[in-house]
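Here's a quick briefing to read with the structure open beside you. Have a look at the fold first, then work through the points below.

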Amino acid sequence: MCEKSQIVTQWLKKVFGQQPVPDFEVNTRTIEILHELVENSEMRCREVELLIQDHEQKAEEYSSEAGHLQEVLVQGVGFQPGAVTKPTADLLSVLEATAEVLKLKDTSLGSYLPAINKLTNDVMESEKKDRRLQRELYTVRKKMTATAVLRKKLHDDLTKITHIQQVEAATAEERLLNMDFMKNKSRDLAGRNKIAQEKLNSRQMDDSLTHQAILQLSEKIAALKEETLPLKKKLEPYSDLSPSPALARVKIEEAKRELAALDAQLEQKVDFMNTLSK
């Protein structure tokens, strides 16, 4: 534990340099964590050093290879670096950049043709894929348009249904109110009818004076008139005969008295019915 603490302390001093090391709680847990961090840091530093050494070695190899190639060009071809004109250098730069883009192993024609053919095939495949995507996009847009139209139609139908439901709800509510009013009116009329019936019963009204009895009496009178019509027709031939004056006066007086009695009785019944209706 003491050894790990010394290692951590030295590493912290190395990391912070001239700056003071921040205060922290020293315990077994923190020392273990910092010691593990020290080991990881040292391992990473060693890996970086190895990577730097590898890059330095490759740079020396590339420099040596470049010197060798330059010597070959100078001795074998007579190619001098300063003898290349600017247009030629520009073309060589373009050729080099093209080879790098196409990822060629060299700049020979046999390497360029397959790479260009592959690039052409990739372009054709991309155009083919683009046309397919355009067709799919057209289909999707068409479906979206149909969906939008259907959605608008459904929205309009929903609005109409909602309006119809509101109207039907208002109508149903009005009918309920009318039904309640009719029920209350029916109860009120039933109560009034009961009160009127009790008044009639308390006055001991004769059944012959009721509306139903009067209607029945009227029907009987109409039936009697129908029965007397044949008799009147039989007496028509004798209507021109002059009856006995004395007997006629007696009959006339009797008929007047009976008619007056019937009129008085009828007026009494009518007045009584009018009083009850009020």
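Contact here means heavy atoms within 4.5 Å. With that in hand, histidine 35 touches Lys4, Ile7 and Val8, leaving out residues up to four places away in sequence. Keep in mind that this is a predicted model. It's a helical protein, with six helices and zero strands.

**Overall picture**

- Read from the N terminus, the elements go α-α-α-α-α-α.
- The protein has 278 residues, and just 6% of them count as buried.
- About 24900 Å² of the protein is exposed, with carbon and sulfur atoms supplying 59% of that area.
- Take the contacts between residues at least 6 apart in sequence: 52% of them join residues at least 24 apart.

**The core between H1 and H2**

- The largest nonpolar core has five residues: Val8, Trp11, Leu12, Leu34 and Val38.
- H1 and H2 are the elements that give two or more residues to this core, and H1 provides the largest share, with three.
- Histidine 35 sits in helix H2. It counts as buried because its relative accessibility is 11%, and the cut-off for buried is under 20%.
- One of the contacts of histidine 35 is Val8, which is itself a member of the core.
- Leucine 12, also in the core, is in contact with Val21 and Phe24 once neighbours within four places in sequence are set aside.

**The loop and its nonpolar patch**

- Which residues form a nonpolar patch on the surface? They are Val21, Phe24 and Val26, and together they have about 240 Å² of accessible area.
- Valine 21 is in the loop that runs between helix H1 (2–16) and helix H2 (28–77). With a relative accessible area of 32%, valine 21 is partly exposed.
- Valine 26 is found in that loop between H1 and H2 too, but valine 26 is exposed, at 58% relative accessible area.
- Valine 26 and serine 5 are 21 residues apart in sequence, yet their C-alpha atoms are 9.0 Å apart in space.

**Salt bridges along the helices**

- Side chains of opposite charge can pair when their charged atoms come close.
- The structure holds seven salt bridges, and three of them are worth a look here.
- In the first example, glutamate 47 and arginine 44 meet through their side chains at 3.4 Å, N to O. They're three residues apart in helix H2, so about one helical turn separates them. Glutamate 47 is partly exposed at 41% relative accessible area, while arginine 44 is exposed at 55%.
- Another salt bridge links aspartate 156 with lysine 152, where the closest N and O atoms are 3.3 Å apart. This pair is four residues apart in helix H4 (residues 109–203), which means a separation of about one helical turn. Aspartate 156 counts as partly exposed, at 31% relative accessibility, and lysine 152 is exposed, at 55% relative accessible area.
- Arginine 192 forms a salt bridge with aspartate 188, and here the closest N and O atoms are 3.3 Å apart. Why are they separated by about one helical turn? Because they are four residues apart in helix H4. Arginine 192 is exposed, with 53% relative accessible area, whereas aspartate 188 is partly exposed, with 33% relative accessibility.

Notes. Residues numbered from 1 in each chain as written. Predicted model: local features only at pLDDT ≥ 70, side-chain atom pairs only at ≥ 80, totals over all residues. Heavy atoms only, no water. Patch = residues over 30% accessible without salt bridge, like charges linked within 9 Å, V, L, I, M, F, W, Y side chains within 5 Å. Areas by Shrake-Rupley, 256 points an atom, 1.4 Å probe, with all protein chains shown as cover. Salt bridge = Lys/Arg side-chain N within 4 Å of Asp/Glu carboxyl O. Buried < 20%, exposed > 50% of the residue type's maximum accessible area, 1.4 Å probe, protein only. Core = buried A, V, L, I, M, F, W, Y, C linked by side-chain atoms within 4.5 Å.
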